[in-house]
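Got the model open? Let's walk through a few things worth checking in it.

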Amino acid sequence: MIYLFLVILFSFLNFFYIKIWKTFFNNTPTGSGIFLLIPLIYFGIISEIYIIVFILFLFSFAYFFDDLFGIKYIYRIILQILAAISIFSISTLELNFYYILLFISFFLIICNSLNFQDGQDLNVA
């Protein structure tokens, strides 16, 4: 039941954010991904994975800042690599160079493809 509530809450917040954005600005709305922190914080707390939630929380605000003001691409890539290394370092996987490289590559691909998809029309799905 809580999952349905979070999906509905995110949908309403996203809808109202877009409406409010369009009343003040004429360009494409950006930055609504910040509302994804609501389910992230909830699931992190009930799963007791506070470190990952904290890391993702920090990087979510960095991406929110990027959406609103723009960050150079090299800084975004560095930020994504740091996020991947931070998350990988607290995982239980073996610290093998190839695993780390594969994880960083996978993380970069996922982050950039979701960011590109979100930038198209503010809908990830």
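Q: Is Ser 91 buried, exposed or partly exposed?
A: Ser 91 sits in the loop between α4 and α5, with helices being DSSP runs of H or I of at least four residues, numbered from the N terminus. Buried means under 20% relative accessible area and exposed over 50%, with partly exposed in between (1.4 Å probe, protein chains only). Ser 91 has 30% relative accessibility, so the label is partly exposed.

Q: How far can we trust this, and which helix has the highest confidence?
A: This is a predicted model: local features need pLDDT (the predictor's confidence in each residue, from 0 to 100) of at least 70, side-chain atom pairs count only at pLDDT 80 or more, and totals for chains, interfaces and linings use all residues. Residues are numbered from 1 along each chain as its sequence is written, and side-chain values use heavy atoms, leaving out hydrogens and water. The protein averages a pLDDT of 76. Confidence is lowest in helix α5 (residues 97-121), at a mean of 75, and highest, at 82, in helix α4.

Q: Within what arc do the buried residues of α4 fall?
A: The buried residues in α4 are Leu 79, Gln 80, Ala 83, Ala 84, Ile 87 and Phe 88. Going by directions from the helix axis to the C-beta atoms, they line one face of α4, because they fall within an arc of 165°.

Q: Which residues does Leu 79 touch, leaving out those up to four places away in sequence?
A: Contact here means heavy atoms within 4.5 Å. With that cut-off, Leu 79 touches Phe 59, Ala 62 and Tyr 63.

Note on methods. Helices (H or I, at least four residues) and strands (E, at least two) are DSSP runs, numbered from the N terminus.
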